[in-house]
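Let's take a walk through this protein, going from the overall picture down to individual side-chain pairs. Have the viewer open and follow along.

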Amino acid sequence: MHTIAAIATPNSAGSVAVIRISGEDAFEIAERVFVPVNSKERPVNQMAGYTASYGKITDGDLELDDGVLLVFRAPKSYTGENVAEITCHGGVFVARRVLSACINAGASLAEAGEFTKRAVLNGKMSLTQAESVVDVINSVSEQYLICSNAQKSGSLHRKINEISERILAVSAHIAAWLDYQEEGLDDFEADSHIGELSDCRLQLSMLLKSYEVAATLREGIVTAIVGKPNAGKSTLMNLLTGRERSIVTDIPGTTRDVIEETVKLPGNDGVILRLCDCAGIRDTDDVVERIGIEYMYRQIEEASLILAVFDNSRPLEQDDFALLERIKGRNAVCIVNKIDLPDSSLDLAVLSGHFKNVVRISAKNADSLEGLSAVIGEIFDTASLDLSAGFIANERQRFCVTEAERTLNEAVSGLESGEVSLDVTGFLLENTLESLYRLSGKSAGEQIIDEVFRSFCVGK
């Protein structure tokens with residue numbers, strides 16, 4: 001493959017920038033643009049792996065900058081190829097100019113993600129490990145960073161391999177029995193394999209469940225704060241954000257637009273809420289306020305979580321019942337606000353009949369967040385994500401595992417009923433393996449053949 005180069009650091013001003021060169025000619029190209037200050041040092045082409053040199057960065061006769069060159073010799077590098085990394089000063093122009101010098105010296109500009117692609121092609125990481133690099137970069141909480149690093153170390157890859165090996169053993173047994181009966185193999189006993197395949201099906205189902213939990217940690221929960229005017233929605237918004245994000249007054253209808261903010265819930269393993277403080281629901285002749293209420297209705301439809309706020313000091317009114325009707329059947333938490341006030345006129349029994357989760361708070365008190373945070377964590381089951389077992393991180397992975405679960409379920413059902421022939425069952429298991437191997441680039445057909453001859457001594 002041709003030698004590639006690109007700026008490996010963000011395209012913005014900073015203290016340093018790194019230009020990465022990878023490929024068979026990486027050291028020759030680096031030698032054309034980098035001159036060690038110490039003339040007694042070895043030329044770049046002769047430097048040992050994992051060593052550095054300080055020198056001048058040039059483009060022909062033009063000196064561009066001074067910097068540091070790092071050398072990584074194949075296969076002990078990120079891509080598995082010879083890699084040279086030039087660290088220069090972090091100006092946008094100077095970094096681009098150094099990259100241009102590398103291109104002039106014979107490198108090709110790397111395509112998006114090409115360094116990681118080469119790492120996969122050279123066996124340095126699996127596809128799932130490569131995909132986890134993006135998750136590490138985009139982590140927004142400590143828990144998701146831990147998950148992504150576990151993924152990068154191969155947790156999902158190992159989990160898929162474990163499941164695949166178990167399915168492969170059954171599939172190979174079927175293939176051997178169907179194709180080599182003259183070898184005197186034992187009969188295929190379906191009952192002895194149903195439990196094994198059923199457990200694999202359960203493991204796939206649990207992996208699919210991890211996708212929703214991971215998405216919650218990665219992207220946050222779209223959350224609408226709704227209620228009638230002066231129930232305390234904006235005060236709750238300010239409590240959650242930790243600052244005066246929404247205007248709070250005693251005048252009904254103060255909030256007329258949807259105010260959005262992203263916050264991290266305290267003490268809940270890094271759950272992110274994408275908050276929307278909506279206009280209060282009520283009948284009004286104010287044109288602008290009516291538009292805000294229509295926005296609020298739209299936000300309710302799009303939200304994954306609704307925080308419905310009710311005023312503990314006021315009885316339920318027509319606007320409250322209209323809200324209850326609007327959010328019926330949605331994923332909602334009832335928040336009874338202003339419990340610090342001495343008078344309680346709210347009918348809690350009615351609300352308890354409409355909501356599974358009722359949280360009583362004073363939005364002016366930061367201690368109120370603990371109970372609300374715990375309830376949201378239970379609803380979205382964020383604690384169920386096993387940090388060491390791997391998780392489904394994107395749509396490609398989910399599609400592969402969904403297809404594997406579907407065909408495995410058909411195979412298990414066929415074995416249990418006895419109404420599906422063994423050759424069809426074997427075909428379904430092969431399709432299951434193809435879906436799982438698609439995550440890491442293997443071929444199910446080749447794997448089954450290898451397992452047949454390895455485990456059953458076919459043909460000696």
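What follows starts with the fold as a whole and then moves to cysteines, a surface patch, salt bridges and aromatic pairs.

First, a word on what you're looking at: this is a predicted model. The protein has 460 residues, and 49% of them are buried. DSSP-style bookkeeping gives 15 helices and 13 strands. If you're curious about how the chain folds back on itself, look at the contacts: among those with a separation of 6 or more, 67% are between residues 24 or more positions apart. As for the outside, the accessible surface comes to about 22,200 Å², and carbon and sulfur atoms own 50% of that.

Now for the cysteines. How many disulfides does the model contain? The count is zero. Take cysteine 88, which is in no disulfide: the nearest cysteine sulfur belongs to cysteine 102 and sits 9.3 Å away. A disulfide is a covalent bond between the sulfur atoms of two cysteines. The cut-off used here is 2.5 Å between the sulfurs, and seen from cysteine 102, the closest cysteine sulfur, in cysteine 88, is too far for a bond at 9.3 Å. Are these two residues buried or exposed? Cysteine 88 is buried, with a relative accessible area of 3%, and cysteine 102 is buried too, at 0%.

Back out on the surface, there's a nonpolar patch to find. It is formed by Val37, Tyr54 and Val68, which together show about 240 Å² of accessible area. Of these, valine 68 belongs to strand E5, spanning residues 62-72. With a relative accessible area of 31%, valine 68 counts as partly exposed. Keep strand E5 in mind, as it comes up again with the aromatic rings.

Next, the charged side chains. Searching the whole structure turns up 17 salt bridges. A good place to begin is aspartate 311, which has a salt bridge to arginine 314, with the closest N and O atoms 2.8 Å apart. Aspartate 311 also meets lysine 338 in a salt bridge, this one at 3.1 Å from N to O. What does the pairing of aspartate 311 with lysine 338 tie together? Aspartate 311 lies in strand E11 (residues 305-311), while lysine 338 is in the loop between strand E12 (332-337) and helix H11 (348-354), so the pair ties together parts that are 27 residues apart in sequence. The burial of these partners is worth a glance as well. Aspartate 311 is buried, at 3% relative accessibility. Its two partners, on the other hand, are partly exposed: arginine 314 at 24% and lysine 338 at 22%.

For a salt bridge within a helix, go to H13 (residues 395-417), which holds both arginine 406 and glutamate 410. Their side chains meet in a salt bridge with an N to O distance of 3.1 Å. The two residues are four positions apart, about one turn of the helix. Arginine 406 is partly exposed, with a relative accessible area of 41%, and glutamate 410 is partly exposed as well, at 36%. Elsewhere, Glu81, Glu114 and Arg118 are joined into one network by salt bridges that share partners.

Finally, the aromatic rings, where the structure holds two pairs. In one of them, tyrosine 50 and phenylalanine 72 have ring centres 5.6 Å apart and planes at 85°, so this pair is edge-to-face. The pair links distant parts of the chain, 22 residues apart: tyrosine 50 sits in the loop between strand E3 (34-36) and strand E4 (51-59), and phenylalanine 72 sits in strand E5. Which of the two counts as buried and which as exposed? Tyrosine 50 is exposed, at 57% relative accessibility, whereas phenylalanine 72 is buried, at 18%.

The other aromatic pair is made by phenylalanine 310 and phenylalanine 355, and it is edge-to-face too, with 6.0 Å centre to centre and 70° between the planes. This pair also links distant parts of the chain, with phenylalanine 310 in strand E11 and phenylalanine 355 in the loop between H11 and strand E13 (358-360), 45 residues apart. Here both phenylalanine 310 and phenylalanine 355 are buried. Strand E11 thus turns up twice on this tour: aspartate 311 lies in it, and so does phenylalanine 310.

How values were computed:
Residues numbered from 1 in each chain as written. Predicted model: local features only at pLDDT ≥ 70, side-chain atom pairs only at ≥ 80, totals over all residues. Heavy atoms only, no water. Buried < 20%, exposed > 50% of the residue type's maximum accessible area, 1.4 Å probe, protein only. Contact = heavy atoms within 4.5 Å. Areas by Shrake-Rupley, 256 points an atom, 1.4 Å probe, with all protein chains shown as cover. Patch = residues over 30% accessible without salt bridge, like charges linked within 9 Å, V, L, I, M, F, W, Y side chains within 5 Å. Salt bridge = Lys/Arg side-chain N within 4 Å of Asp/Glu carboxyl O. Phe/Tyr/Trp six-rings, centres within 6.5 Å; stacked < 30°, edge-to-face > 60°.
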